[in-house]
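The following exercises ask the reader to work through a protein chain step by step. Each task is followed by a worked solution.

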Amino acid sequence: MIITIQSTEKIVTVNGVSARIWEGKTAGGIAVIAFITRIAVSEQEDSTEFERELQQHAAPSVEARAFPLRLILGEEQKPVPVKPCPRCGTPMQILLFLGIQPDFYVCPQCQIAFHLETLKPLATVIGR
Ligand SMILES: [Zn+2]
């Protein structure tokens, strides 16, 4: 499998280790997000050029900033119970915002984000 990825400025903690989020696509065009903890440069290469390029980071996309917890492969989380939307009763999705820990629920019908604990409406979701 071949993927092409670009570094973002977003650092998160995965399994207790800092990881930079890189975004990109597979050769077949599937959008992916990678959590990179280490990169090694071959000893035959000039690592100063690599380090210079590594300073260039893109802003993370909206998808990277609000990433569905269930899509992070191999990440063990405290299970967050699926709850019905307080307004319409539809089972809600659990979304991440600026971190790996789940921050809020989103109703796929109402497109409203609710606080994880209090279920207070926080924001209307714009775009998907
Ligand atoms: Zn709803």
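## Exercise 1: The overall plan

The chain contains 2 helices and 7 strands. The model is a predicted one.

**Task.** State the pattern that the helices and strands follow along the sequence, and state what percentage of the residues is buried.

**Solution.** Step 1. Reading along the sequence gives the pattern β-β-β-α-α-β-β-β-β.
Step 2. The chain has 128 residues, and buried residues make up 11% of them.
Step 3. Contacts may also be sorted by their distance along the chain. Of the contacts with a separation of 6 or more, 33% are accounted for by residues 24 or more positions apart.

## Exercise 2: Strand 2 and strand 3

**Task.** Determine in which sense strand 2 and strand 3 pair, and over how many bridges. Then identify the residue with a positive phi in their hairpin.

**Solution.** Step 1. Strand 2 covers residues 17-26 and strand 3 covers residues 31-36; the two pair in the antiparallel sense, over 6 bridges.
Step 2. Within this pairing, glycine 24 stands opposite valine 32 in strand 3.
Step 3. The hairpin has 4 residues between the strands, and glycine 29 takes a positive phi near 95° there.
Step 4. Alanine 19 also belongs to strand 2. It has 17 other C-beta atoms within 10 Å and is therefore partly exposed, since the buried class begins at 20 and the exposed class ends at 12.
Step 5. Arginine 38 is 19 residues from alanine 19 along the chain, and their C-alpha atoms are separated by 7.9 Å.

## Exercise 3: Glutamine 6 and proline 60

**Task.** Decide for glutamine 6 whether the residue is buried or exposed, and do likewise for proline 60. Find a residue that lies far along the sequence from each, with the C-alpha distance.

**Solution.** Step 1. Glutamine 6 is found in strand 1, residues 3-14. Because 11 other C-beta atoms lie within 10 Å of its own, glutamine 6 is exposed.
Step 2. Not counting residues up to four places away in sequence, glutamine 6 touches Trp22, Glu23, Gly24 and Ala58. Glycine 24 is 18 residues away in sequence, with 6.0 Å from C-alpha to C-alpha.
Step 3. Proline 60 lies in the loop between helix 1 (47-54) and helix 2 (62-65). It is buried because 21 other C-beta atoms lie within 10 Å.
Step 4. Glutamate 23 is 37 residues from proline 60 along the chain, and 7.8 Å separate their C-alpha atoms.

## Exercise 4: The largest nonpolar core

**Task.** List the residues of the largest nonpolar core and name the element that gives the most to this core.

**Solution.** Step 1. The core has 7 residues: Met92, Phe104, Tyr105, Val106, Cys107, Ala113 and Phe114.
Step 2. Two or more residues come from each of strand 5 (102-106) and strand 6 (112-115). Strand 5 gives the most, with 3 residues.
Step 3. Consider one member, phenylalanine 114. Leaving aside neighbours within four places in sequence, phenylalanine 114 is in contact with Pro86, Met92, Phe104, Tyr105, Leu119, Lys120, Pro121 and Leu122.

## Exercise 5: Strand 6, strand 7 and two loops

**Task.** Describe how strand 6 and strand 7 are joined. Then examine the phi values of glutamine 111 and leucine 119.

**Solution.** Step 1. Strand 6 and strand 7 run antiparallel and are joined by 3 bridges. Alanine 113 has alanine 123 in strand 7 as its bridge partner, and phenylalanine 114 stands opposite proline 121 in strand 7.
Step 2. The hairpin of these strands has 5 residues between them. Leucine 119 is placed in the loop between strand 6 and strand 7 (121-124), and its phi is near 60°, a positive value in a residue other than glycine.
Step 3. Leucine 119 counts as partly exposed because it has 15 C-beta neighbours inside 10 Å.
Step 4. Glutamine 111 lies in the loop between strand 5 and strand 6. Although it is not a glycine, glutamine 111 has a positive phi of about 60°.
Step 5. Glutamine 111 has 13 other C-beta atoms within 10 Å and is therefore partly exposed.

Key:
Residues are numbered from 1 along each chain as its sequence is written. This is a predicted model: local features need pLDDT of at least 70, side-chain atom pairs count only at pLDDT 80 or more; totals for chains, interfaces and linings use all residues. Two strands pair if DSSP finds at least two bridges between them. A nonpolar core is a set of buried Ala, Val, Leu, Ile, Met, Phe, Trp, Tyr and Cys residues joined through C-beta atoms within 7 Å. Two residues are in contact if their C-beta atoms, placed from the backbone, lie within 7 Å.
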